[in-house]
Structure formats: structure tokens, C-alpha cells
Amino acid sequence: MPLIALDGLTKRYSASVTALDGLTLELEPGIIGLVGANGAGKSTMLKLLLGLLEPTAGSVKVLDMDVKTHGPRIREFVGYMPEHDCLPPESSATDFVGHMAQMSGLPRTAARERTAEVLRHVGLYEERYRAIGGYSTGMKQRVKLAQALVHDPRLLLLDEPTNGLDPAGRDEMLDLIRRTGTEFGIAVILASHLLGEIERVCTYLVAIDNGRLLRAAALGTFTEHTGVLAVEVEEGRQQLAGALARGGFEVVEDGRLVLVALQGEATYDAVRDAVVDLGLPLVRIEQRRHSLEDLFRDDPSSPQAPAA
Amino acid sequence: MTASNAPLRASGPGGSIYDLGYQGYSGPRLGRAYAIRALFAHTLRSAYGIGRGGRAKIIPIGLAALPLLIAVIGVGIAALAKQAGELGSIVEESSPIRYAAFSGLISTFVILFCAAQGPELLGRDQRYGVLPLYFSRALARVDYSLAKVAGMVVALLILIVLPYVVLFVGRVFVADSPVDGLSAELPSVPPLIAQSLLTAGVLGSLAMVVSAHTPRRAYATVGIIAALLIPSIVVAVLHEEAFGRVGDFLVLLSPTDVLDGLNAALFDTQAGSPVVVDLDLPGYAYLAAAIVMTILFVGLTVRRFLRISA
């Protein structure tokens, strides 16, 4: 049973604004990064998973239940941390999180116990009895995370959880999220436009762009080796490229580098021989890795696919 | 789900020693029906500022205490009149604090309670963006709106009924014997219940439908007062200008006049508004108008929360 199954999921806000366009995807539990530029459709996707929005077309299944027919039942087991402010300033963290626990169906006493526990988990102590209005941004983000965790969800949806945090606060928040996902076995979907954050905590990645699925795969495959060999020489770049091209290799020049399409072990030998023959000062030969940023370049395939 | 947490925690890498760690929850999950009841109870308590700061209690509890005070004075007048014998019965007859007139006496407090607490109960969640948190939990949008309206209506019902109870119990014990008192006062109970329910229904739902449509507290407060006063004034002006009976029928669109007419019909007394008196509609017309208004206001409140973006 997949954690989440989307089938042809489409959301149009108006005739001209399409937020999500025909997304079909199955996700297994883990810490899943949802990346895309601002406006790519990340928040829309989270809201569709929660049933906060109705899809224009297609279907959404969460925990093997259809969001359209089993909304409240699914949401008993889902926690949501929205991107924007969502805390009433005059409530205390304890009162507010406790109330939200009851709204998820926890009995009153259990709600109180869970609230104390989860506020300690996110690192709020004595200040939890004070009004939220007086909290720092970092503390407010912790309360937002606490209300999403208080009912011990099986799935946690986080929308830009590090928004507005300073670098130290960012590290702490990401660490909390990583621990929540790995140590407590809660599946997490983390929407962010910051690739660095995703790389630090996620094991699986879903990239969307302009409402379309760009790629969904384990994080490792995004950064794995490519079929491209990068050769850096101090001079004679054009001669080298010319020699290799005559030898039947696909070659492009990219700044200080000569990129060669890898065709097995023989390619290494050919490059070595060409460099020796031309007597060029060689700096390095290395197999290129993908970087996450490549996903969002205008043409994601071009920089690394010589002579394609 | 929760059961799987334990082994995962045990094998979790690099846990800190001082951190007792996060415990899963394996207790009961009472689901949607419980969440609705809890939200209703929370709304009812918040309507009187319970569970919030001291300042939040001043207005609602003050507004609820003043009608009680009037009821106590009413009982006091009845008790004094009893002791004054012959003269006293004249005083008693002319006392303004009686069942039929009571809703008129406390209407100001009821309206102020609506105008103050309605926006408090629905505006905050909109203003501070809390709605997405509710709608991403075990309840649906319909549940949220109905629980909130019900909380407000019951809060209002308490405000209206408590002074009646004081008045009723007081008058029973002021009578020659409690048995005499009961037999004299009991016939008033059904109209009191009907009047309280319908007043709370119409005014509570009206306060909520206005509050549902703006996050701004001041707008909602002004809107509620305007929705209660303006129709009444328009009807009165049209009546003065002698637009005839057609104009007078607009009285059925004015919440305060409908409740006035209903009160007059229930207690078989004269209405306060000259339009209602002159029009002399049968009581069930006002009853029907009150029920239709309540249903309409509740429906519009629900519709608002079905559509609001969260």
C-alpha cells in the first residue's frame, strides 16, 4: 500500500492558472522532499493531499483512502504545518496545541499529556504558558510544528518549515524534522524551494516545475554519476577537444573543462593518450555528478550531454 | 503505525541521553464526532471568556450578569408587594419586570452580547489564519461552522434563560405556598422556553453569519448592530410614511420586530413596535419568520466556510 497515490491530479484556479497539471505519482513512507520554485505547485499539492482544496481532475489517495470521501478520517492521521502564520497571538502554546489535539480527536486528558510532551520535543519549556504573540519567529515555527505532531500522525506535511528562521534556527528545525522522520517512523513530506535543506534531510525527492512532475526518485539518483567525463587542462583545451572528436568521441567545451561522453573504460585511456600526445598540462579527469540544481536549469539536459 | 515507533526509536542513531524522546500515541482517537463536540464546548466557553485572559471575561460575564440583576430586582419587587398587601398588588401589577416584558428589558444586553462575542468567536480564526489548521484535522468545514454557531446560540440561550429561572423560582417562593406558586407560574413556562429558543436562534445565528464574513472585529460588530437596527428603522419609517400594508409586511424581514411580534403572541400582550401592533399578524407568521431566518443565517454561515480559502 503506497502512502500516497496521485492519479492524473490536476488543479486549475482559473482558466489561465493551472497550479498542477496531470500529476501521477506513488510515494512510499520516508522523508520526502517536494522541491520546486516559488509557484511551482508545492503548496497546492499539500493542500490537495489534505483535502483543503478540491482537485479539478484526477484523484488523491492518502493512507489508501480517497481524500474526497474519507477526508476527516485521513486527517486524524495527518499533521500539517502551513507556510504562513496560523497562530492566535493571545493563546498560550499549551492551550492552543491542546485544543488542536482535541480537534484531531484526542480525548481531553490525552490531549494535555501529548501537548506537554510534544512541546518539550520541539524545545519549548517554561515559555509555553505565555501568549504566543510574544514569541520569536523561531518559537512560533516550533509551535507550528508541535500542533502538526501533537496527535502522533502517520504522515507529516511541512510547507517551508524553515521560513524566516536564522541559520541556527534553520539547523535546529531541520534536525527536528530529520529525527521525527527517522527515529519516530513518521512519514514526512517537506516542501521547500531550498535544495540544500532537502539534501540534508530527505531520502526521496519529488521535483515539480510549473505544476508538472519533473522527476521523482531516491535522492541518491539525483546526484549519481553521469555518463560524462570532465577533463581540465591548463592550456590547449581546443586541441584536446579536436583530437578527441577526431577519435570518434562526443565532446563539448564548457568553460575551463572539456566534457567527453563516457563510453566505457576505453574513454579514460583515450583521454589520457590524447593529453600525453599533445603534451598538455593536465589538472584532473573526473566523472561528473548530477547536482540538484541541474533539475531546474532552463534545459536540464544541456550542460552535461555533449553533442547530444 | 504507532506500534512501529518503539523499535525505530530503540535503533535510532545518535539519540541524546537527556532527551526522553518522543513517545508515540496509542490511546483512543475519538474522531470527527468528538472533535465537533469539543469545538462546540470550546466555543461555548470562549463566548464567556473562559479559558482566556481575565479581560476577555469582563464584557460577556458583565452582559450576562445585568439581566440576572434585573430578575433579582423583579423578585424583590414581588416579595415587597406581597408584604404590602392591598397596595402591593397594585405595585405588582404595574411592575415592569414580568415575563411578557422581560425580553424587551434585556434586549439591549442580548444585542450587545451578540455584537461583542460573535466577532470574537469567528473573527479570530480568520484573522490569524487558524482555519487551515482546523480544516486539516478530523472535522469538516460544515462541522466547524455548525459547532461554532451552536456554541454561540447556546451561550445566548444561557444568557436569556438564567434570569427567567431566577424570576420563576423567586416568584414561586414569594407566593403563599410553593404549590400555589407553581400552579400560578407553570403556564408561563412553555412560552418562556419558546421565546428563549427562538431569540437565541435568530440573534445567535445572525451574529455568526455577519462575523463569518469579515475577519475584522470592528466591521463585524457594526454589521451585527446595523443588521438588527436598520431593518427595524426602515420598517418604522415606511409605516410612518403610510406606505400601507405592503410596506408593513416588511416587518417580517426585521429580526427585532419578528421577535417582538413573537413575544407579543406568546404572552398574549401588546408588542412594543407600533408597526407590529397595527399590522396585527397572527403569531405563527412571526414564528415562521423566526424559523426561516435562523435556517437562512445558519445556511449562509456554512456556505461561507465551505467557500473560504484555507
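These are my notebook entries on a predicted model with chains A and B.

**Entry 1, a buried strand in chain A.** I began with strand β7 of chain A, residues 155-159, and asked whether its residues are buried or exposed. Five of the five are buried, so the strand is largely enclosed by the rest of the structure. I then looked at its two faces and found both covered, with Leu155(A), Leu157(A) and Asp159(A) buried on one side and Leu156(A) and Leu158(A) buried on the other.

**Entry 2, the partners of that strand.** Next I looked up which strands pair with β7(A). Strand β6 of chain A, residues 78-81, pairs with β7(A) in the parallel sense over four bridges, and here Gly79(A) has Leu156(A) as its bridge partner. Strand β8 of chain A, residues 187-192, also pairs with β7(A) in the parallel sense, over five bridges, and there I noted Ile189(A) as the bridge partner of Leu157(A).

**Entry 3, an open sheet in chain A.** I followed four strands of chain A that form an open sheet in the order β12-β13-β11-β14, with antiparallel pairing. The edge strands are β12 (251-254) and β14 (282-289), each of which pairs on one side only. Between neighbouring strands I noted an average turn of 25 degrees, direction ignored. β12(A) pairs with β13(A), residues 257-261, over four bridges, and Glu253(A) has Val258(A) as its bridge partner. Helix α9 of chain A, residues 237-246, packs on this sheet and touches β11, β12 and β13, its direction making about 165 degrees with that of β12(A). Helix α10 of chain A, residues 266-278, lies across β11, β13 and β14 and runs at about 10 degrees to β11(A).

**Entry 4, two helices in chain B.** I turned to helix α3 (residues 54-83) and helix α7 (residues 141-174) of chain B, which pack at an angle of about 15 degrees with their axes 8 Å apart. That angle makes α3(B) roughly parallel to α7(B), because angles under 35 degrees count as such. The crossing is right-handed. Among the residues making the contact I listed Leu68(B) and Val75(B) of α3(B), and Leu162(B) and Val166(B) of α7(B). By class, the contact residues divide into 15 nonpolar, two polar and two charged.

**Entry 5, where the chains touch.** Finally I asked how many residues each chain brings to the contact between them, and found 40 from chain B and 37 from chain A. On the side of chain B, helices α1, α2 and α6 each supply at least two residues, and α2(B) gives the most, with seven. This side of chain B has 20 nonpolar, 14 polar and six charged residues.

Note on methods. Residues are numbered from 1 along each chain as its sequence is written. Chains are lettered from A and ligands numbered from 1 in the order in which they are written. This is a predicted model: local features need pLDDT of at least 70, side-chain atom pairs count only at pLDDT 80 or more; totals for chains, interfaces and linings use all residues. Axes are lines fitted to C-alpha atoms, for helices over the stretch in contact, and angles run from 0 to 180 degrees between N-to-C directions. Angles under 35 degrees count as roughly parallel, over 145 as roughly antiparallel, 65 to 115 as roughly perpendicular and the rest as oblique. A crossing is left-handed if the near helix is turned anticlockwise from the far one by less than a right angle, and right-handed if clockwise. Two residues are in contact if their C-beta atoms, placed from the backbone, lie within 7 Å. Ala, Val, Leu, Ile, Met, Phe, Trp, Tyr, Cys and Pro count as nonpolar, Asp, Glu, Lys and Arg as charged, and the others, Gly among them, as polar. A residue is buried if 20 or more other C-beta atoms lie within 10 Å of its own, exposed if 12 or fewer, and partly exposed in between; C-beta atoms are placed from the backbone. Two strands pair if DSSP finds at least two bridges between them.
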